[in-house]
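Here's an informal walk through a few features worth a look. Have the viewer open as you read.

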Amino acid sequence: MAVTTTDVVVTDAAPAASRARFRFLRGGKTRTGLLILAFFVVLAVAGPWLAPYDPDAMSDQLLQPPSSAHWFGTTQTGQDVLSQILVGTRGVLLVGFLAGILATALSVLIGVSAGFLGGAADEILSMLSNIFLVIPGLPLIIIIASFVEDTGDLLIAAVIALTSWAWGARVLRAQTLSLRRRDYVEAARATGESTWRIILFEVMPNLTAVIASGFVGTVIFAVLSEITLAFIGVADISHWNWGTVLFWAQSNQALAQGAWWWFVPAGLCIALLGTALSLINFGIDEFVNPRLRTATGASRKVRMRVGFTPVARTAPQDGPAPAFTPVARTGAPAEPGTAEARTPAATEPGTPESAGTSSKEQRA
């Protein structure tokens, strides 16, 4: 008796709604980035209280290497480097996140409005984005700092936000143009929903991942800009941050004196913070793009061999339960021991093989 085979489509089971919300946090890159970022946030909040010394206080322990009394060593004026790093973390994160929030809000407001409204509003808002797209941020801050006596963190964050929102607005405009004619948007418009309600509840949820990725990228740019401005002496050097530490180390020739502990900790903090934000950005990309999903959303339950498709083998009624057996696709040789190798191929009526078989049976 010939055994027939039946094709079965194997699909990944849809995760539960509660688990799907936290699928973004299941990636190793995302968890690592969030843990490092959380560590720096704790330092930014509690840094002034955790600092063992006043970062401006001088002592007689000049240019001392790391020890039990000064974990990160001292400067040539006896200032504790660890205290400067802890106190300076707040300024770096404040400028980064404030600039990221302001720039993201502007990019969402202008980009989504331009893409959804269209017409004259789109032309005006797109022209505004193009103008701000070519304005350089760092030279503008240097010019402003030459006229303003106190160049604080808030002013630097505002200038960085005003010069870094245009690129995100262009991206959101392009995404909104592809969403405004979707069926669910047309259905909401046909039911009489207002324009702003459609934007907030129909379009914006589909742009969440793009907005989050743009926010992380803006924070990285703002952090690096703040440190660069402090390092070249444009920002107020009386306010401690990691760039200020590097500024004083470079001004006093720490590298020439062999005082590696003066600038290496600040450089490592910058590298770790940039790595954390980059890992979070990679996690967002993997969550949004199915082609990049590895541990964030891919199912590892079904492992398929290249060139073979799982099929269900029908068992006799009194036999064991059906089992999945990998068989070769059409045109590929069957492996020894598989269902196709053990059983003859089924032929359809009217084919040369079936005609030859019928004629032999008639002659018999």
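What follows covers a helix pair, a cavity and one more helix.

This is a predicted model, where local features need pLDDT of at least 70, side-chain atom pairs count only at pLDDT 80 or more, and totals for chains, interfaces and linings use all residues. Residues are numbered from 1 along each chain as its sequence is written, and side-chain values use heavy atoms, with hydrogens and water left out.

Start with helix 3 (residues 81-117) and helix 4 (residues 119-133), which pack at about 145 degrees with axes 7 Å apart. Helices here are DSSP runs (H or I, at least four residues), numbered from the N terminus. Axes are lines fitted to C-alpha atoms over the stretch in contact, and angles run from 0 to 180 degrees between N-to-C directions. On the helix 3 side, Ile110, Ser113, Ala114 and Leu117 touch helix 4 residues including Leu125 and Leu128; contact means heavy atoms within 4.5 Å.

Next, the cavity lining, with Thr151, Asp153, Glu226 and His239 among its residues. A cavity is a set of points on a 1 Å grid over the protein atoms alone where a 1.4 Å probe fits but cannot get out, and lining residues have an atom within 4 Å of a point.

By class (Ala, Val, Leu, Ile, Met, Phe, Trp, Tyr, Cys and Pro are nonpolar; Asp, Glu, Lys and Arg charged; the others, Gly among them, polar), the two sites look like this:

| Site | Nonpolar | Polar | Charged |
|---|---|---|---|
| Helix 3 with helix 4 | six residues | three residues | one residue |
| Largest cavity lining | two residues | four residues | three residues |

Finally, just after helix 10, Gly233 has a positive phi of about 85 degrees.

Note on methods: Helices (H or I, at least four residues) and strands (E, at least two) are DSSP runs, numbered from the N terminus. On a 1 Å grid over the protein atoms alone, a cavity is a set of points where a 1.4 Å probe fits but cannot get out, and a pocket is an open set with protein on both sides within 12 Å along at least five of seven lines; lining residues have an atom within 4 Å of a point.
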